[in-house]
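Please open the model in a viewer and keep the selection tool at hand. The stops below are arranged so that each selection leads on to the next.

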Amino acid sequence: MQKMKKPLSTQEIYQKLSCQCSVCEYAPIDIKRKAMLLGASADAADSITDRLVDENFINEQRYAQAFVHDKFSLNRWGKNKIAAALHQKHITPSLVTQAIELIDPDEYQTTLKELLIAKSQGLQESDRSKHTRKLLAFAVSRGFESHLALRLIDDMPQP
């Protein structure tokens with residue numbers, strides 16, 4: 001027979017979440033969801049989240065910067081996809097813009113170029129226009145701007 005777990009108090013939920021926030025960056029909405037999953041009411045989850053923000057365990061700007069860095073450097077996402085993901089996390093638009101501006105433009109272009117070259121080598125398309133469309137669709141799906149992708153695709157050698 002399974003033992004029933006005793007529900008956590010608001011203080012216990014706070015302690016658990018503060019430990020998590022001290023290890024990794026979280027968006028306020030993620031912490032609110034975690035608090036509610038741990039058994040907090042909506043009001044208690046709001047107060048826990050507010051307290052964590054006040055005590056600087058949660059910081060939207062820090063979160064946005066870490067998110068942008070990780071998604072660009074590790075996942076190789078473009079600015080549009082990163083901005084959309086941060087928007088889903090309810091991050092303030094001005095903070096999203098500031099964090100995205102931290103991406104080095106040369107590194108951004110180099111990353112896109114590397115992705116396009118790798119994708120181009122994997123395509124079995126001999127028609128130049130179809131090849132270009134597929135590369136453009138790929139770049140846009142990764143969140144890169146179409147005008148930048150088109151410019152780089154035009155500079156690439158013919159398939």
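Begin by selecting the cysteines of this predicted model. The structure contains zero disulfides. Select Cys 19 and display its sulfur: the closest cysteine sulfur belongs to Cys 21 and lies 9.4 Å away, too far for a bond. Move next to Cys 21, whose sulfur has its closest cysteine counterpart in Cys 24, at 8.6 Å. That separation is likewise too far for a bond, because a disulfide requires the two sulfur atoms to be within 2.5 Å. Is Cys 21 buried or exposed? With a relative accessibility of 6%, Cys 21 counts as buried.

Keep Cys 21 selected and add helix H1 (residues 10–23) together with helix H2 (residues 28–37). The axes of H1 and H2 are 10 Å apart, and the two helices pack at an angle of about 140°. H1 and H2 are therefore oblique to each other. The crossing of H1 past H2 is right-handed. To display the contact, select Ile 13, Leu 17, Gln 20 and Cys 21 on the H1 side, and Ile 31, Lys 34 and Ala 35 on the H2 side. Coloured by class, the contact of H1 with H2 shows five nonpolar residues, one polar and one charged.

Ile 31, which takes part in that contact from H2, also leads to the next stop, since Ile 31 is among the residues touched by Thr 49. Select Thr 49, which is located in helix H3 (residues 42–54). Its relative accessible area is 7%, so Thr 49 is buried. Which residues does Thr 49 touch, leaving aside those up to four places away in sequence? They are Pro 28, Ile 31, Lys 32 and Ile 58.

For the last stop, select helix H4 (residues 60–73) and helix H6 (residues 93–100). The axes of H4 and H6 come within 9 Å and cross at roughly 40°. This angle makes H4 oblique to H6. The H4 and H6 crossing is right-handed. Now display the side chains at the contact: H4 contributes Glu 60, Gln 61, Ala 64, Gln 65 and Val 68, while H6 contributes Leu 95, Gln 98, Ala 99 and Ile 100. How do the residues of the contact of H4 with H6 divide by class? Five are nonpolar, three are polar and one is charged.

Technical notes. Residues numbered from 1 in each chain as written. Predicted model: local features only at pLDDT ≥ 70, side-chain atom pairs only at ≥ 80, totals over all residues. Heavy atoms only, no water. Axes fitted to C-alpha atoms, helices over the stretch in contact; angles between N-to-C directions. Helix = DSSP H or I, 4+ residues; strand = E, 2+ residues; numbered from the N terminus. Parallel < 35°, antiparallel > 145°, perpendicular 65-115°, else oblique. Left-handed = near helix turned anticlockwise from the far one by under 90°. Contact = heavy atoms within 4.5 Å. Nonpolar A, V, L, I, M, F, W, Y, C, P; charged D, E, K, R; others polar. Buried < 20%, exposed > 50% of the residue type's maximum accessible area, 1.4 Å probe, protein only.
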